[in-house]
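Here is a small set of exercises to work through with the model open beside you. Try each task before you read its solution.

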Amino acid sequence: MFQGQSIRVTRLPGDIAELCFDRSGDAINKFDTRTVNELREATEAVRRDGSVKGLLVTSAKDVFIVGADITEFGKNFASKEEDIASWSFEANKVFSGVEDLPFPSVTAINGFALGGGMEMALSTDYRVMAATAQVGQPEVKLGIIPGFGGTVRLPRLIGADNAIEWIAGGENVKADKALKDHAVDAVVAPDKLRDAALRMLQLALDGKADWQARRAQKKGPLKLGPMEAMMTFETAKGFIAGKAGKAYPAPVEAVKAMQKAAGKSRDDALKIEGQSFAKLAKTTVADALIGLFLNDQFLKKKAKQAQKIAKPMKQAAVLGAGIMGGGIAYQSASRGTPIIMKDIKDEQLALGMSEANKLLAKQVERGKLKPEKAGDVLSKIRATLNYGDFGGVDLIVEAVVENPKVKKSVLAEVEKLVRKDCIIATNTSSISIDLLSEAVERKENFLGMHFFNPVHKMPLVEVIWGKHTSKEAIATVAAYASAMGKTPIVVKNCPGFLVNRVLFPYFGGFMAAIRDGADFVKVDKVMEEFGWPMGPAYLQDVVGMDTSHHVGDVLAEGYPDRMGKTFRTALDVMYEAKRFGQKNGVGFYKYEVDPKGKPKKTADPASYELIKAVQPGGQKDMGDEEIIDRLMLPMVIETARCLEEGIVESVPEADMGLIMGIGFPPFRGGALKYADTVGLKTIVEKAAKYAALGKLYEPTAKMKEMAASGKKYYA
Ligand SMILES: NC(=O)c1ccc[n+]([C@@H]2O[C@H](COP(=O)([O-])OP(=O)(O)OC[C@H]3O[C@@H](n4cnc5c(N)ncnc54)[C@H](O)[C@@H]3O)[C@@H](O)[C@H]2O)c1
C-alpha cells in the first residue's frame, strides 16, 4: 500500500494494514524529517484506501524506534523560536493523523521505543509490549521536552503523577512498570508479540475493547479536578526543580507544559507543547546537552574502531595493590577480564582484596548483584607476591608508587618475564611516558593508561601514547578500557597529559585570584553556581595538597612560560603547613564529622590566617564575572592548545575528557563548547583584559584568527 525508505505499509488478511518501520541501510529506526514525511504519506495512503479496518504498527529492526534523529537538531534548532514551534505543531499533525484514523490501531513494541518512538506508540489506541523491550521519554536529558505529543498523550493515558515521573525523570522504563502504569495494555514474550498485538486489534474490531473510549481519553482534557491539578503540578514543580538543579530547566518546563495544557483538548494542548519545546530548543543548555550526546556517539564509534585492531585480551595483570591497583583489579574482574594483582606487601594484597569485597558486598546488599556472581568476580582476581603466571598475561597495568626510579625498575623487571607481545601500560599520573619507556626494550608495546580515583566510579581513562607506541598497543588498551566499562580518550604524551594539563591552569587562575584578594569561599560558591560539582578550593582539598603540589611542579617544569612559579601561592602555604586537605582533616576548609556522623566542612579561620601571607594587597570583593573569567579563561586557552598540538585528536574528545575527568559542567558541554557559547571573539577580548596576569591568559594565534573570522570549534 505504501513503500518508502523508512516505512512500508502492507495489507494483512482481514483488511488490516501493517505499517512497518524498516529504515533502509540502517540497523535501527529513528525519526528524521524523511520518516515523519513518510509517516504522513503512509497514513494518508491507509486512510484513502477506504477498505482498511484496523492498523498494526510494527518494526522490522531489533528496536522499535530509538527516537528522533538527533543529528538533525542542530540545523532545525537554528531556526527562530516561532518557526520551531510551528514545525513541532506541523509534525504533531502527522501523529494526530495516525490517532484519528477511522478504525482501531495497535502498536507492537518489540524493542526500544524512546522519545519519538514512544510518542508514535502513544498515537495508536493500544500498545502491546515485548517483555524485553523498554519505553520512555528521555528528552529532558537533551535539555528539551517531548515534541511529538508526549506531554499531551502520556498524562491523559497514565495520569499526571506517573507522566511527570516518566517525562521529568527521563529514565527508560521496563515492561513490568510500563504495564503497571498503564502505558501499555499487555506485555508478552518477544516471540508472541505479533500474535498478541493482532489479537488486541481483533478484540477492538469485534467491539470487545472500547477503542473509541480509549481514544477520547487521549484527546480530551486531563481528568483532574482544579484543586487536584494544582496540588499535583505545584508539588511536582518544587520537587523537580530541587532535583534537577537550576542549570537544567527542561524537567520543570515539562511539568509546566503539562499543567498549562491540562484543561485543554488535544490540539490546543499540542500547541502548548510546541511552544515549550521551541523555547527549550533555543537554550544554550539544550545546545550543549545535544552536543554531548553527539560527542558520546562519536567516542563510541572511535571505541568500536579501536576494537577492530585491538589484540585479544584474555588475561590482565596489575602491579601494585594500592588505591589504584586495587580499584583496577576490581573493575577488570567485575567486567569479566581475569586479572592478577601483584604487590610486594602481603598486607597491601589483603587490603586490595578486602576493598573489592566491600564494593561487591554493597551491590549484593542493594540487590544489584547475586551473591554467586560476586563470588565469581572475586575468583577472577588472583592476588600474588610473585611473578609466577606472568607468562600468560596479555596486558599489564603498572600502578606502583609514583616514583620514576621505582617504576622504571619494576617495568624493566616485568618486561623480562612476559611474552614479547604483552602490552605494558603505566598508570602514572605525572611522569612522562617517554621517560618511563627508557626502561623497556619493546617500546612499541609501552604506553600510559591513566585511571582516575575512585576507579569504579570515574568514567574516564586517558590512553597516553609515547614516541614509540604502536597503533595496536593504543587500540588494545583503549579496547580494554571500554571492556572495563570506561570511556578511553587517546592522548599524546605531554606533561599533565590532557586532564591535569587543562585543570592546573584553572588552579593557576584561582591562585592568582586569591593573591589579588579573592575570598576562597566566595570563589567556590561562584564556581559551584557556574556548574562545577565543587569549587576549586574544595577540589584542591579533595585532590590533596601534596598531590596538587607535586603535579603543579611537574607542569611548572613542563610549561615554564605560563605555569612556572612566579609567586608564593595559597597552595604553597597550605602545603607547608601540612594542611593536605580532606585526607588529614584540614586544608582550605576544616573537615569534621557532625553529631549524626556526616562529614562537614567549614571555612577555617586558621586557613584565612595563612592566606593573609600571600595576599599582599589584603582581601577584596571580587565580582562573580571576574572570578569566572580569571579561572575559566586559562582552562579554555589550554584546552585549545592541546587541540592545536594534537594532544587530543578532536574537539569532542577534548570536551568529553574534561566532562568525564574533572566534572566540567555537562550543561556547558566542555571548555571548547563553552568558548563557542560565549563566542571566541568575546573570549579573546576578555583574555586581553587579563593579559597582565601572564601567559596563561594569552590566546593562541589560531584562537585569535578563529575569533576574527567568526569561526567556532563546533561547526
Ligand atoms: N591515588 C590517585 O588518586 C591516583 C590517580 C591516578 C593515578 N595514580 C597513580 O597510580 C599509581 C599508584 O598510586 P596509588 O595511589 O594506588 O598508590 P598506593 O601507594 O596506594 O599504592 C602503591 C602500591 O604499590 C605497591 N608497590 C610498591 N613497589 C612495588 C613493586 N615493586 N611491585 C609491586 N607493587 C609495588 C605498594 O606496596 C602499594 O601497595 C601512582 O603512579 C599514582 O600516581 C594515583
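A residue counts as buried under 20% relative accessible area, as exposed over 50%, and as partly exposed in between, with a 1.4 Å probe and protein chains only. The model is predicted, so local features need pLDDT of at least 70 and side-chain atom pairs count only at pLDDT 80 or more, while totals for chains, interfaces and linings use all residues. Residues are numbered from 1 along each chain as its sequence is written, and side-chain values use heavy atoms, with hydrogens and water left out.

**Exercise 1. Backbone angles**

Find the loops that hold D15 and K578, and decide for each residue whether it is buried, partly exposed or exposed.

Solution.
- Step 1: K578 sits in the loop between α25 (570-576) and β19 (589-593). Helices (H or I, at least four residues) and strands (E, at least two) are DSSP runs, numbered from the N terminus.
- Step 2: K578 is exposed because its relative accessible area is 56%. Its phi is positive, about 55°, although K578 is not a glycine.
- Step 3: D15 belongs to the loop between β2 (7-12) and β3 (16-21). With a relative accessible area of 26%, D15 is partly exposed, and its phi, near 55°, is again positive in a residue other than glycine.
- Step 4: For one more backbone feature, look at the peptide bond from N453 to P454, which is cis with omega near -5°. P454 lies in the loop between β16 (446-451) and β17 (460-465).

**Exercise 2. Salt bridges**

Trace the salt bridges that R153 and R630 form, and place each partner in the chain.

Solution.
- Step 1: Side chains of opposite charge can pair when their charged atoms come close. Here a salt bridge is a side-chain nitrogen of Lys or Arg within 4 Å of a carboxyl oxygen of Asp or Glu. The whole structure has 59 salt bridges.
- Step 2: R153 pairs with E99 at 3.1 Å, N to O. This pair links distant parts of the chain, R153 being in helix α5 (residues 150-158) and E99 in helix α3 (residues 81-99), 54 residues apart.
- Step 3: R153 is buried, at 0% relative accessibility, and E99 is buried with a relative accessible area of 0%. Both belong to a network of salt bridges that also takes in D100, K218, K219, R266 and D267.
- Step 4: R630 forms a salt bridge with D516, the closest N and O atoms being 2.9 Å apart. R630 is in helix α27 (residues 624-644), whereas D516 is in the loop between α20 (499-515) and α21 (520-530), 114 residues away.
- Step 5: R630 is buried at 5%, while D516 is partly exposed at 24%.
- Step 6: R630 also meets E626 in a salt bridge of 2.9 Å, N to O. Because R630 and E626 are four residues apart in helix α27, about one helical turn separates them.

**Exercise 3. The whole chain**

How many helices and strands does the chain have, and what share of its residues is buried?

Solution.
- Step 1: The count is 31 helices and 20 strands.
- Step 2: Of the 715 residues, 55% count as buried.
- Step 3: The C-alpha atoms fill a box of roughly 85 × 60 × 55 Å along the principal axes.
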